[in-house]
Amino acid sequence: MTTCPIDEPLLQVRGISKAFGGVKAVNQLDLSVQAGTVTGLIGPNGCGKSTSIDCISGFQPVDSGAILFQGNDISNRSPDAIAHAGLMRTFQNIRIYDDLSVQENLLVSRQEFDRFSWMTAFAGSRAMRDKERQSAEKAQELLEEIGLQRYLKAPAGILSYGQKKLVALAAAMMSDPKLIILDEPLAGVNPTVITRIEALIKNRNEQGQTFLIVEHNMGFVMRSCHHIIVMESGAKLLEGPPDVVRNDERVIDAYLGRARDRKEPA
Ligand SMILES: Nc1ncnc2c1ncn2[C@@H]1O[C@H](COP(=O)(O)OP(=O)(O)OP(=O)(O)O)[C@@H](O)[C@H]1O
Ligand SMILES: [Mg+2]
């Protein structure tokens, strides 16, 4: 297995571009994610955040530029290959199986991951059964961590939107990825579940998990991220720690302006 030399970013995006017809969704974007950090990716609607994630995770091909993960070029590799390299992501529109139980959703995520490497070779073997037992234990632990253990056998379709987002996040964690990319994990989620998602990210990061998170909830971004990258019109506008980004005039004008200008009641 390849390991990152010390200080080399876990993820390096070098000048990637992606156009849809005449729309330059991503335009020469550079960004890096250091191992062990929670990195935020923010910017106005339509500035290219989700498209960037799609390119990084192999769900969209890039037109140009390079994406290095642990120093290896993963540009335009398949989502399976990129997941197997250790990069998992969630989607802005949740992708879980409503008809499967909550537990099955987690197990399927792990099975889809394993299938790519050795599942076929070991099908029916003892190693396979051991793996299945370990996966069931991991699913149980994750569901306890996210407070959904009582829904283990329930169809995922009965969960609230926020609970489904928790399941999608847990599913992404089933394969112990080195980097998890989340696309708007808090959007449309009630405050109780926001607290739970925030705690899960914090706990996991304290255990060494690296995250890249696209999110519009600025309170969460400022509290949870070590480093924030601001995008505008498909490219990076600026980056830095929360205190620097929060006070940058360009960010205030383009993105936080309305919040800052709003008068607090006397
Ligand atoms: N599959 C697609 N086909 C055509 N245009 C697309 C496609 N996906 C994205 N776009 C366009 O690319 C631009 C960037 O969209 P993208 O979804 O990446 O923005 P975003 O920053 O994630 O926005 P939001 O904060 O609203 O989720 C937009 O103009 C969008 O309409
Ligand atoms: Mg988006």
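**Magnesium, ligand 1 and the strands**

Reader: Which residues are the protein donors of the magnesium ion (ligand 2), and what makes them donors?

Author: They are Ser50, through OG, and Gln92, through OE1, which lie 2.0 to 2.2 Å from the ion. Donors are N, O and S atoms within 2.8 Å of the metal (3.2 Å for Na, K and Ca), so both oxygen atoms qualify. The pair links distant parts of the chain, 42 residues apart: Ser50 sits in helix α1 (residues 49–56), and Gln92 in the loop between β6 (87–89) and α3 (102–115). Water is not among the atoms, so a site may look incomplete. This is a predicted model, in which local features need pLDDT of at least 70 and side-chain atom pairs count only at pLDDT 80 or more, while totals for chains, interfaces and linings use all residues. Residues are numbered from 1 along each chain as its sequence is written, chains are lettered from A and ligands numbered from 1 in the order in which they are written, and side-chain values use heavy atoms, with hydrogens and water left out.

Reader: What makes α1 a helix?

Author: Helices are DSSP runs of H or I with at least four residues, strands are runs of E with at least two, and both are numbered from the N terminus. α1 covers residues 49–56, so it meets the length cut-off.

Reader: Are Ser50 and Gln92 buried, exposed or partly exposed, and how do you know?

Author: Buried means under 20% relative accessible area, exposed over 50%, and partly exposed in between, with a 1.4 Å probe and protein chains only. Ser50 has 22% and Gln92 has 32%, so both are called partly exposed.

Reader: How many residues of α1 are buried?

Author: Seven of its eight residues are buried. They are Lys49, Thr51, Ser52, Ile53, Asp54, Cys55 and Ile56. After α1 comes Gly58, whose phi is positive, near 85°.

Reader: Which residues are closest to ligand 1, and what does it take to count as surrounding it?

Author: The ligand is surrounded by 14 residues, and the closest are Asn45, Gly46, Lys49, Thr51 and His216. A residue counts if one of its heavy atoms lies within 4 Å. The largest share of the shell, three residues, comes from α1, and β2 (23–33) is among the elements that supply at least two.

Reader: How do you know that ligand 1 has a polar contact with Asn45?

Author: A polar contact is a pair of N or O atoms within 3.5 Å; within protein, one must be able to donate a hydrogen and the other to accept it, and residues adjacent in sequence count only if both atoms are side-chain atoms. An oxygen atom of ligand 1 lies 2.9 Å from an N or O atom in the side chain of Asn45, so the pair passes. The side chain of Ser50 has such an atom at 2.9 Å from a ligand oxygen, and a polar backbone atom of Cys47 is 3.2 Å from one. Taken alone, ligand 1 exposes 630 Å², and the protein buries 62% of that.

Reader: Why is strand β8 called largely enclosed?

Author: Five of the five residues of β8 (residues 210–214) are buried, so the rest of the structure largely encloses it. Both faces are covered, with Thr210, Leu212 and Val214 on one side and Phe211 and Ile213 on the other.

Reader: How do you know that β3 and β7 pair with β8?

Author: Two strands pair if DSSP finds at least two bridges between them. β3 (residues 38–42) has four bridges to β8 and β7 (residues 179–183) has five, so both pass the cut-off. Each of these pairings is parallel. The partner of Thr39 in β8 is Leu212, and that of Ile180 is Phe211.

Reader: What makes the sheet of β2, β1, β4 and β5 open-edged at two strands?

Author: These four strands form an open sheet in the order β2-β1-β4-β5, with antiparallel pairing. β2 and β5 (72–73) have a single partner strand each, so one side of each is left without a neighbour in the sheet. β1 (residues 11–20) and β2 share seven bridges; Ala19 stands opposite Lys24, and Gln12 opposite Ser32.

Reader: Why is Ser233 called exposed?

Author: Its relative accessible area is 57%, and the cut-off is over 50%, so the word applies. Ser233 lies in the loop between β9 (227–232) and β10 (235–240), and its phi is positive, near 50°.

Conventions:
Accessible areas come from the Shrake-Rupley method with a 1.4 Å probe; for residues, only the protein chains shown count as cover.
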